[in-house]
Each structure stands twice: as structure tokens, then as C-alpha cells.
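Here are my notes on the model, set out as numbered points. They can be read alongside the sequence and the coordinates.

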Amino acid sequence: MNHEKEENSYCEDDSCVIGHEFYTCPMHPEIHQHQPGSCPKCGMALEKEVEALPTISTKYTCPMHPEIMEDKPGSCPKCGMALEAITVEADDGNEELNYIKKRFWVSVILSIPVFLIAMVNDLAPSLLLGSISTREIQWFEFILATPVVLWAGWPFFLRGYQSIKTWNLNMFTLIAIGVGAAYFYSLVALFFPEIFPALMQTKEGLVQVYFETSSVIIALVLLGQVLELRARSKTNTAIKTLLNLAPKQAHRIDDKGDEEDVSLELVHAGDKLRIKPGEKIPVDGVVIEGLSNIDESMITGEPLVVSKSKGDKLIGATQNKNGTLIMEAQKVGNDTMLAQIVQMVSQAQRSRAPIQKLADTVSGYFVPAVVLSAIFAFFIWWFYGPEPSLAYAVVSAVAVLIIACPCALGLATPISIMVGTGRAALMGILIKDAKTLEAMEKVNTIVVDKTGTLTEGKPKVTSVFIAEGFDEKDVLRLAASLERVSEHPLAEAVVEYAKQKDIALGNVENFDSITGRGIKGEIENRSVILGSDKLLNGFDISTEKVMKTAQNLRNDGKGVIFVAIDSKFSALLGIEDPIKATSTHALDELKAYGMEIVMLSGDNEATANAVAKELKINTVVANVMPADKAKVIKQLQKEGKIVAMAGDGINDAPALAQADVGIAMGTGTDVAIESAGITLIKGDLIGLVKVLKLSRATMKNIRQNLFFAFVYNSAGVPIAAGILYPFFGILLSPIIAATAMSFSSVSVIANALRLKNSKI
């Protein structure tokens, strides 16, 4: 909204700036001022302006060359393909498809009679009316074929010219040269037949023309473009499905308690919104009133509903079931989880996989090689072919140029990546880029953090041992007060345990965290230390009397916290973090796929081994300091292993970045998610099994596409050049070549779309 002062504006000072509230007249919208009142023109009460959320201008990119970024639609300067919007809309129309369809239908209507009359004239001339001469037939073909070639085929010539101008030779280079050669040859033959050798002329002094070839090739290439654009649009199904999950409106409650329906674009952070039974949550926020069950399957993939009450977080686009809720909007527009998921999926679909370099390298040499092959075929036929040798030379050269278009080769990788990453998003798996998807297929070792990855990450205090001379309630109050300012996963368990016992917590002074060992601080002038036995021993506090008890707890898979108050051992807390119900099944499946599992844990060996034993994990690295997790990954990589690391905490971020593939639990911290290449939104290792299967299926699909494209182009060129003619008398028609070329790209896309229905 523009709040700059205008001649008709009632706002006469510099207070009219963005960030203030403004009021306008419903009859005179040019009036706006920063205070309520009446319109100076008509006297009506001014209404508060509602500023919509800012929109982001759409950028356009090429599916084959994602480094190309343009501010408006058009064609790729490298390959000539139609650029696609980076930001997909739920109901977006395909302008390029409509543009090509118009030209296609015009070409079909005009090409069919040209093709039919040419075929009848060549194969059964007796069927034509005796009054129609060959000269008239050629003029008829010229009149109908010219608009097909020069109008319907104009985009191909334009892109072909641009490709030669920038020396980015591509499929449109070959189409433009091939069709242009056939049309220009026919044009010269029609107007200047006398310049051709006598052997090429008929009794009437005419030379055979190929207007039907040039027009039908344009129609077939346009058909291929239509089918390709339709198929390519299906690769965005995943993003469109996600976008369609979001509601279009929200019920906003104003300061007076009145409710109004507003467009989602007008919802701001801090607004109060009502969600009725059966409706979708409009934006991300927190419940401030009400109780209901929410279906979060669109985010987590988990069909079970989740109970929500005051203070609980809500995710936009999830489904409210039976109750009425009032929420406070916290994240809106592009900040919502749904928007971020869509953005991440879109970025992943536009990224390039390393395997794409192979196709790029081949394509870079392929087009010049094809042009040289066409020139070679032309001269061989002209010098050594049967009469009319020049006609045969033109036909074979055009066929070579048309059949060898490398579009299928360029599409082989990006199309499969788009479908694969989109499929992953619908399963609650976010893949950052194509490189990660390709690397995942090669992984043979998976390193998993224990807390929050294999376990629930919601530890609970299950055992409390108080030293003689100390009061349990007092010890718990001091311990929980100190843990309240700690970020350690076990800290929350201690605080929650104290809350359950209605223990009031105190303020902490001089807090200090000793990385990997524990914490210390002062509460009400009393010194408090929490952590490992080594930490207490470092302060000359003996823990010898309780070591047997601590060992028994560890053998049961429980974590142990030693507490010291005023330099005296005062308590031992046993904390249990339940193993996730799906961890055992997920690890069994990963092992079945040949994965070596390594568990990392900051816990002591007894606790870590107890969990590993239950999960049947053979390799355990315990007592790992946060800074050392990345070193463990490096060591495994030095041994020649391709490592994927799964974790959820801040201390996992360096290891996630070091691993060949970092996998973050979606229930973990933002830092961990940012450091990872894959995010499992549900925070469940079953998702890791799925992404492994999807990676292998996608890479297999890419190899199938590349093989088909390589074999097709390699075999097509010599056949089109006429290698079969000396043996079988077969010379490939340019029309057949155009048909084969058009459907080769479509077949590659169709194969990629099979990923949408593959078993994962």
C-alpha cells in the first residue's frame, strides 16, 4: 500500500509512513489519514485500512538449467525450453501450454490436407482430379504449409536463432535448421525449378517439393511440446497438493470480540482467530482458548489425531476435528511451516544432481556432432546416392537433424528429481537438494544419535536417591531451579518432575555450563552442581558411596544425574528416556538393506549399551562430547564408508554437516534442521527407511531415462542418415523422425511419473 503524500490526500505531514495505522473513506479511497474521523469530502466516517501481507515477485527458471533466473516468462537462453515459475500456485494456469496448443491446432488443421494431397499425388495420382496439375498441387501445399512453418513454427526458429547467436546449441537449433532446410529447398524448387539438374526435373520441368514434410514436422514437434508441457505440469502435483491444503479465509476476532471473515493474506501475527469444527487451521500459532483434536497427518504422515488445549502449538493447514479453538496467529504468509515446506520442495526440485553432469557433458558435444553428421550424410547422398541424389541428400540430412534432438537427454535427470522430491514431501520428508537424494542411495553406514532420535527425547525422572542429611523437596527445588536455565535434554525432565510435586523454583546466579559434563550455579547463596560423577569429582566431591546404585540404573538404560549442594553430594536422579515404538522396526529394515548402524551417545557406556542391546545395535560410541560427534563421522569416512547421520539437537549440527547425508528429526531444533540435507518432519526413523527406498527408486529411474535417451539418440542418427538403405532399401522419412523425436521426450517424462505410484 502506498502511503506517500498525494495532492488529494488529507494526510498533510510526514507522519504518513508505513507502520502506522491509516483510515480511509469507502467512497473516496484517495483520502487516507493516520487518525480516525470523518471524510473531508463527504463526511462519512473513515474506516481503518487493512494492509495486506507483502507479496514476493515471481521468478522464472528452466527445469534443465536451474541457474537461469528471469523476472518474466520466456524461453531458456541455453536450451530454449519454456521457463517455469519458481513459486507454484495452487490454481496456476499454464500459459506456455495454451500458447503452444493454439499453434499446434492451427498446424494440424493446415498440415492434414497438405499431407494427404502430397501422399495421394505420390502414391496414387490417378485418384486426383484430372484438371489439377502437379504445379497447382505444389502451390496448394505452399499456401497451406507457409503459415504452419512461419507462424506456428516461429518460436522454434526464434529459439534456434538465439541458440546459435549465444552458441548454446540445443534441440531448437536442430529443428530450426532441419525444417528451414526442407522449407527453403521446397521454396527454391517451386519458384526456380530450372536451376536444378535435369535428372531431378519431371517431364513438366518441375522438381519435387517437401512442403508437407516441413509442415508435418512442425505439427509433430508442437504435439510433442504439448504432451511434454502437460506431463511436466504433473511433476508439480506435490506442491499444488500442499498449497491446496491451506484454507482461503480465516475468522478474525477484533478487540471488541466481533468476528469477521478475512482473506488469509490479511491475517497478521498477533491476530486472534477462531477455528470451528471441521475447518483447517489458517496459519501457525498457539491455542489461547478451547479444546479440540487436530489431524496433523499432512505434516507428520501420522493418521492419529493430536489433542490440543491452551498453550499448545498449531500448524497451519492441519485439520480441526471436533472442538472450537481460538488461536493467536504467530507465523503468517511465507513464515508458516507449510510455506517453508513448499519453498524447500520447490528449491529441491530445481537443484541439480551430480549425475546430471554426464548428460550436460554429452549434450554439449552432441548437437555439433549431429550437425556435422547431417552435413556428412548430405554430401554422401549427393555424391554417391541414386538419383535424384540431391533430394535424397536433403531428406536424409533433415531426418538426422530432427531425430537427434537431445531434449530427452536433458530432461532425464531433472524430471525424476522433481517427481521424487515431491513424492517425499507428501510423505513428510523434506529433501534439501538433488545432490542429497543422489548421495543417499550410496550410503552404507547410518549413525544415529540416541536421545530424541532412537528415543522419544522426552525423558522422565523415575528414580530419586537423597543423601543423608538432605531434604528431598529442598534438593529438588534447587536442582530444578538450576536445570531450568539449561538446554540439556535431561534438564526438562527434572524441571517437570519438580512441577508435578508443586515445588516453587528459585532464581539462579552465576550460572555456568561445563560442556558435556554438567552445570553449576548459585541459588539463594547456595552453591549447586549437577552433572556426571566426573564433574563432582573434579570439585573434590566424593560419589563413591552411590556408584553401585548409579551403575545399576545405567545397566537398566537410565541416565544418571549427580547433585551436589554446598560442595556436598546430596542426591542421585535416575532419568529414563523411552525408546520410540518404531525404532526397532526401522532399524531392522535398514539392516535388511545392508546398512551398518552406529549409535552415538553422550551417556556412559552402561546406559548406551543397555539401549543398544534392546535395539540390537552392535556398534556403540558412548561418552561422546558434542564437539567429538563430527570426529566420529570423519573417522568412519576415512575408513571408506558413506555416512548418513540422524540427529535432532543443537550439538548434532556439526556432525550433520560433516556427514555425507545429514538427516534431522523434524521434532528437533532449527539449527539441526538447517544443517541437514533431509528432514523427517514426523521425527521418526521409519521416514529414514522411506527416504532410502525413494532415493534408490529415483536414481534407478534416472538411469533408465539416461539409458533410453543415450540409446535412442545413438541409434537414431545412423538410421536417419540412411545406413539401412544399402541393405534393406529403407530411408527414414523426416516425418517419422519427427514423430520419434517428439515421443522420446514424452516417454522419458512418463517413466519419471511412475515414481509417483512406486511402492515406498
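1. In helix H12, the buried residues are Ala434, Thr436, Leu437, Glu438, Ala439, Met440 and Glu441. The helix spans residues 434-442, and because 7 of its 9 residues are buried, the rest of the structure largely encloses it. Two of the buried positions, Glu438 and Glu441, are glutamates. This is a predicted model, and the points below should be read with that in mind.

2. On the overall make-up, the protein has 25 helices and 28 strands. Of its 760 residues, 50% are buried. The accessible surface is about 35800 Å², and carbon and sulfur atoms account for 56% of that surface. Taking contacts between residues at least 6 apart in sequence, 65% join residues at least 24 apart.

3. The largest nonpolar core contains 66 residues. Val179, Tyr185 and Val370 have the most contacts inside that core. A second core, separate from it, has 48 residues, including Ile355, Leu437, Ala612 and Ile678. Leu437 is also one of the buried residues of H12, which ties the helix in point 1 to this second core.

4. Helix H2 (residues 134-152) packs against helix H4 (residues 171-191) at an angle of about 145°. Their axes are 11 Å apart, and the crossing of H2 past H4 is left-handed. On the H2 side the residues involved are Arg135, Gln138, Trp139, Phe142, Thr146, Val149 and Leu150. These meet Val179, Tyr183, Leu187, Leu190 and Phe191 of H4. By class, this contact consists of 9 nonpolar, 2 polar and 1 charged residues. Val179 appears here in the contact with H2 and also among the residues with the most contacts inside the largest core. As background, residues three or four places apart in an α-helix point the same way, because there are 3.6 residues a turn.

5. Which residues does Ser486 contact, leaving aside its neighbours within four places in sequence? They are Ala491, Phe511 and Ile519. Ser486 sits in the loop between helix H14 (472-483) and helix H15 (491-500). Despite that loop position, Ser486 has a relative accessible area of 17%, so it counts as buried under the 20% cut-off.

6. Two aspartates deserve a check of their backbone. Asp502 has a phi near 55°, a positive value in a residue other than glycine. Asp502 belongs to the loop between H15 and strand S19 (509-514), and it is exposed, at 70% relative accessibility. Asp540, which is not a glycine either, has a positive phi of about 60°. Asp540 is placed in the loop between helix H16 (533-538) and helix H17 (547-555). Its relative accessible area is 74%, so Asp540 is exposed, the cut-off being over 50%.

7. Val560 is part of strand S22 (residues 559-565). Is Val560 buried or exposed? With a relative accessible area of 13%, Val560 is buried. Beyond its neighbours within four places in sequence, Val560 is in contact with Gly531, Ala550, Leu553, Arg554, Leu572 and Leu573. Val461 is 99 residues away from Val560 along the chain, and the C-alpha atoms of the pair are separated by 9.6 Å.

8. Phe710 lies in helix H23 (residues 686-721). Its relative accessibility is 23%, so Phe710 counts as partly exposed. Not counting residues up to four places away in sequence, Phe710 touches Leu358, Val362 and Leu409. How far apart are the C-alpha atoms of Phe710 and Leu409? They are separated by 6.9 Å, although the two residues are 301 apart along the chain.

9. Leu372 is found in helix H9 (residues 356-384). Leu372 has a relative accessible area of 59%, so this leucine is exposed. Between Leu372 and Ala397 the C-alpha to C-alpha distance is 9.8 Å, with their positions 25 residues apart in sequence numbering. Val362, one of the residues touched by Phe710, falls within the range of H9 as well.

Key: Residues are numbered from 1 along each chain as its sequence is written. This is a predicted model: local features need pLDDT of at least 70, side-chain atom pairs count only at pLDDT 80 or more; totals for chains, interfaces and linings use all residues. Side-chain values use heavy atoms; hydrogens and water are left out. A nonpolar core is a set of buried Ala, Val, Leu, Ile, Met, Phe, Trp, Tyr and Cys residues joined through side-chain atoms within 4.5 Å. Buried means under 20% relative accessible area, exposed over 50%, partly exposed in between (1.4 Å probe, protein chains only). Helices (H or I, at least four residues) and strands (E, at least two) are DSSP runs, numbered from the N terminus. Contact means heavy atoms within 4.5 Å. Accessible areas come from the Shrake-Rupley method with a 1.4 Å probe; for residues, only the protein chains shown count as cover. Axes are lines fitted to C-alpha atoms, for helices over the stretch in contact, and angles run from 0 to 180 degrees between N-to-C directions. A crossing is left-handed if the near helix is turned anticlockwise from the far one by less than a right angle, and right-handed if clockwise. Ala, Val, Leu, Ile, Met, Phe, Trp, Tyr, Cys and Pro count as nonpolar, Asp, Glu, Lys and Arg as charged, and the others, Gly among them, as polar.
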